Amino acid sequence: MAIVYGYIGTGYYGSTVINGPNEHLPTIERALQKALYEAGFIRPTNYVSRLQKISWKRMSRTDKGVHAIKNVVTAKLDIDRSEYEGIFGTSMCEKINQKLPPNIRVFYMTKVNQSFHPRKDCLRRTYKYWLPARYLKESRMSIDELRARMEEFVGRHRFHNFSAKGTPREVILTKYATKESEDVQYVDQWEEGEDGIEGTEEEKKLEPWISYTREEQMDRFRPLKSSPDHRDVKDFTVSDPQNIDGMEWLCFSITSESFNFHMIRKIMTTVIAVMSGRVPPSFIDIAVNGPFDFAIPLAPPSFLYLADSAFYSKGLVENILRYQYVLNLEMTEGQKMEVLVEKDKYTVIHDKIKSQIPPDYRHNELSEKFEEEVLLPHIFKLEREKKLFEQFDQNQLWFMKVDDFDHVQELYKREYLP
């Protein structure tokens with residue numbers, strides 16, 4: 001079964017289940033698994049054995065404090081045929097939601113092929129990030145100039161500066177001229193680890209990340225194809241300023257097949273830094289395409305959420321037609337050709353499936369309703385009450401200052417630009 005669900009990540013230590021000494025910490029998936037068990041869809045023996053037998057798989061994991069309106073997990077559940085009505089699994093969803101806290105909602109449940117893997121079969125993921133429009137107003141940039149700069153993130157790039165490595169955690173600020181200790185300043189800014197848990201004291205004592213000189217970074221530069229951090233960003237857009245409860249916001253939307261850990265939050269910090277004049281606009285091109293390392297802090301997680309996705313499936317076309325309404329499936333060219341060749345057969349199947357769908361059905365309707373009525377009010381309230389971006393400006397954004405940028409820019413122009 002595939003489960004499409006959304007949640008508010010505030011108060012949770014990420015979406016992924018934590019095992020070991022920190023398994024008592026609340027996570028989204030732990031709450032969902034408990035609700036499935038209490039609703040009778042997971043057998044007691046499987047629940048006690050940490051779900052190893054039910055093939056639990058996820059589309060995306062989100063960090064501590066990050067939200068989602070359309071995440072997907074799959075699992076082998078214990079479901080009576082009489083409970084499965086229609087292609088949306090409405091009655092099952094209602095049963096599970098009764099066991100869930102109100103900040104986690106299951107929208108749809110549908111049967112999928114055994115071969116379907118929500119992470120590996122995901123064609124693209126879209127995240128949204130809401131940012132106060134004051135950053136743009138206080139800058140010298142127009143909205144069109146901002147959009148032009150954002151285009152530099154689009155396409156296949158190395159994105160080595162937009163991954164977990166180099167994130168300020170007992171971070172090193174270095175002048176890059178030497179690796180002598182007097183040129184290094186340590187900053188106590190330990191961020192959450194890969195499972196959304198704060199680093200232990202033992203982890204903090206590990207040898208910190210030390211950057212090479214700029215010339216050494218050029219020598220160690222790895223081509224795009226051999227870089228483990230390379231990603232292909234399909235689209236990166238921003239809305240016009242929107243007035244919401246007396247405060248203006250910008251909504252950023254970014255789409256890619258996959259993202260590096262912390263990638264989006266580092267991209268947003270870079271966008272903020274460019275608008276704030278902390279770094280020049282040319283910093284984006286050099287950080288994305290150049291060989292140089294920059295330690296980029298993380299933008300606040302509370303304004304980021306997983307918004308949409310699309311999948312493909314290698315399974316039978318008949319099954320794909322059944323659950324494409326739930327999972328937003330896209331057929332391969334071979335599958336499209338099969339439908340054309342056997343048009344009469346698949347027209348009958350499709351009409352039968354369509355008869356189960358309400359005439360006013362709209363894709364993502366429930367997730368968008370959760371976004372508008374639950375998630376966005378929560379996000380805007382957080383900023384009004386806690387002033388998280390003011391805290392970010394004071395405690396994080398100052399780190400986005402590259403003292404040797406003139407030297408970096410000269411090296412980049414000389415070695416990498418035509």
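This passage describes two residues with positive phi values and the strand pairing that involves β6, β9 and β11 in a predicted model. The model is predicted, so that local features need pLDDT of at least 70 and side-chain atom pairs count only at pLDDT 80 or more, while totals for chains, interfaces and linings use all residues. Residues are numbered from 1 along each chain as its sequence is written, and side-chain values use heavy atoms, with hydrogens and water left out.

S55 is a residue other than glycine with a positive phi, near 55°, and is placed in the loop between α2 (44–48) and β2 (57–58); here helices are DSSP runs of H or I with at least four residues and strands are runs of E with at least two, numbered from the N terminus. With a relative accessibility of 26%, S55 counts as partly exposed, a term for values between buried (under 20% relative accessible area) and exposed (over 50%), for a 1.4 Å probe and protein chains only.

F159, also a residue other than glycine, has a positive phi near 55° and lies in the loop that connects β6 (155–157) with β7 (171–174). The relative accessible area of F159 is 0%, and this residue is therefore buried.

Strand β6 runs antiparallel to β9 (residues 231–238), to which three bridges join it, where two strands pair if DSSP finds at least two bridges between them. In this pairing, H157 stands opposite R231 of β9. Strand β9 also pairs in the antiparallel sense with β11 (residues 247–256), over five bridges, and T237 stands opposite S253 in β11.
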